[in-house]
Amino acid sequence: MFAHIGFEVTDLARSARFYDAIFFPLGCRRQFEAAGAVAYGRMDARFWIVQRGRPAAPGYGHVALEAVGRAAVDAAYTAGIAAGGADDGAPGPRPNYGPRYYAAYLRDPDGLRVELVSGQE
């Protein structure tokens, strides 16, 4: 379990539009907003995007966002693409991760990898 995750982004407004789009179908909303940060969650701020004037570093890893069912994965993926994200793996079963694992992968506007997943075991 984690307390929170933070991504540093190069353009906070652009990235917030992307994350607003993918978090909506997952049942998460903005929980915090300030000049240099936006945070999302269901009940409290768990996923943060911050702008500190540093260059993006897309190769360090990814965050997996839990979805309630395949339809939510599909909707978040579609919303993310429409909001400026890039495809990094279309929605579909991922049997190598488990018999019910269903996921999609996106790159956010700075190239950071976002996994949308349901059916984890």
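Buried means under 20% relative accessible area, exposed over 50%, and partly exposed in between, with a 1.4 Å probe and protein chains only. The structure is a predicted model, in which local features need pLDDT of at least 70 and side-chain atom pairs count only at pLDDT 80 or more, while totals for chains, interfaces and linings use all residues. Residues are numbered from 1 along each chain as its sequence is written, and side-chain values use heavy atoms, with hydrogens and water left out.

**Exercise 1. Classify methionine 43 as buried or exposed, and place it in the chain.**

Step 1. Methionine 43 belongs to the loop between strand 3 (37-41) and strand 4 (47-50); strands (E, at least two residues) and helices (H or I, at least four) are DSSP runs, numbered from the N terminus.

Step 2. The relative accessible area of methionine 43 is 75%, so this residue is exposed.

Step 3. From methionine 43 to isoleucine 81, the C-alpha to C-alpha distance is 26 Å, and the two are 38 residues apart in sequence.

**Exercise 2. Describe helix 2 and determine where its buried residues lie.**

Step 1. Helix 2 covers residues 70-82, 13 residues in number, and its first and last C-alpha are 18 Å apart, close to the 18 Å expected at 1.5 Å a residue. The expected span is 1.5 Å times one less than the number of residues.

Step 2. The buried residues in helix 2 are Ala72, Val73, Ala76, Tyr77 and Gly80. They lie on the same side of helix 2 because they cover an arc of only 130 degrees around the axis, the arc being that of the directions from the helix axis to the C-beta atoms. An α-helix has 3.6 residues a turn, so residues three or four places apart point the same way.

Step 3. Helix 1 (12-23), strand 6 (86-93), strand 7 (102-107) and strand 8 (113-118) are the elements against which these buried residues pack. On the face turned away from the buried side, helix 2 carries the exposed residues Ala71, Thr78 and Ala82.

Step 4. Glycine 84, just after helix 2, has a positive phi of about 105 degrees.

**Exercise 3. Identify the contacts of isoleucine 22.**

Step 1. Isoleucine 22 is in helix 1 and counts as buried, at 0% relative accessibility.

Step 2. With neighbours within four places in sequence left aside, isoleucine 22 contacts Leu65, Ala76, Ala79, Gly80, Leu106, Val114 and Leu116; contact means heavy atoms within 4.5 Å. Of these, Ala76 and Gly80 are among the buried residues of helix 2.

**Exercise 4. Examine the salt bridges of the structure and the parts that they link.**

Step 1. The whole structure contains 7 salt bridges, each defined as a side-chain nitrogen of Lys or Arg within 4 Å of a carboxyl oxygen of Asp or Glu.

Step 2. One of them pairs arginine 14 with aspartate 110, with the closest N and O atoms 3.0 Å apart. Arginine 14 is in helix 1 and aspartate 110 in the loop between strand 7 and strand 8, so the pair ties together parts that are 96 residues apart in sequence. Aspartate 110 is buried, at 10% relative accessible area, whereas arginine 14 is partly exposed, at 29%.

Step 3. Arginine 113 and aspartate 88 also form a salt bridge, 2.6 Å from N to O. This pair links strand 8, which holds arginine 113, to strand 6, which holds aspartate 88, across 25 residues.

Step 4. Asp20, Arg30 and Glu33 are joined into one network by salt bridges that share partners. Arginine 30, found in strand 2 (residues 29-34), makes a side-chain polar contact of 2.8 Å with aspartate 20 and one of 2.7 Å with glutamate 33. A polar contact is a pair of N or O atoms within 3.5 Å; within protein, one must be able to donate a hydrogen and the other to accept it, and residues adjacent in sequence count only if both atoms are side-chain atoms.

**Exercise 5. Establish what surrounds arginine 94.**

Step 1. Arginine 94 is in the loop between strand 6 and strand 7.

Step 2. Although buried, arginine 94 has no salt bridge, and glutamate 115, the nearest side chain of opposite charge, is 6.9 Å away. In this count Lys and Arg are positive and Asp and Glu negative, while His and the chain ends are not counted.

Step 3. A polar atom of the arginine 94 side chain lies 3.2 Å from the backbone oxygen of alanine 103. Residues up to four places away in sequence not being counted, arginine 94 touches Gly89, Tyr101, Ala103, Ala104 and Tyr105.
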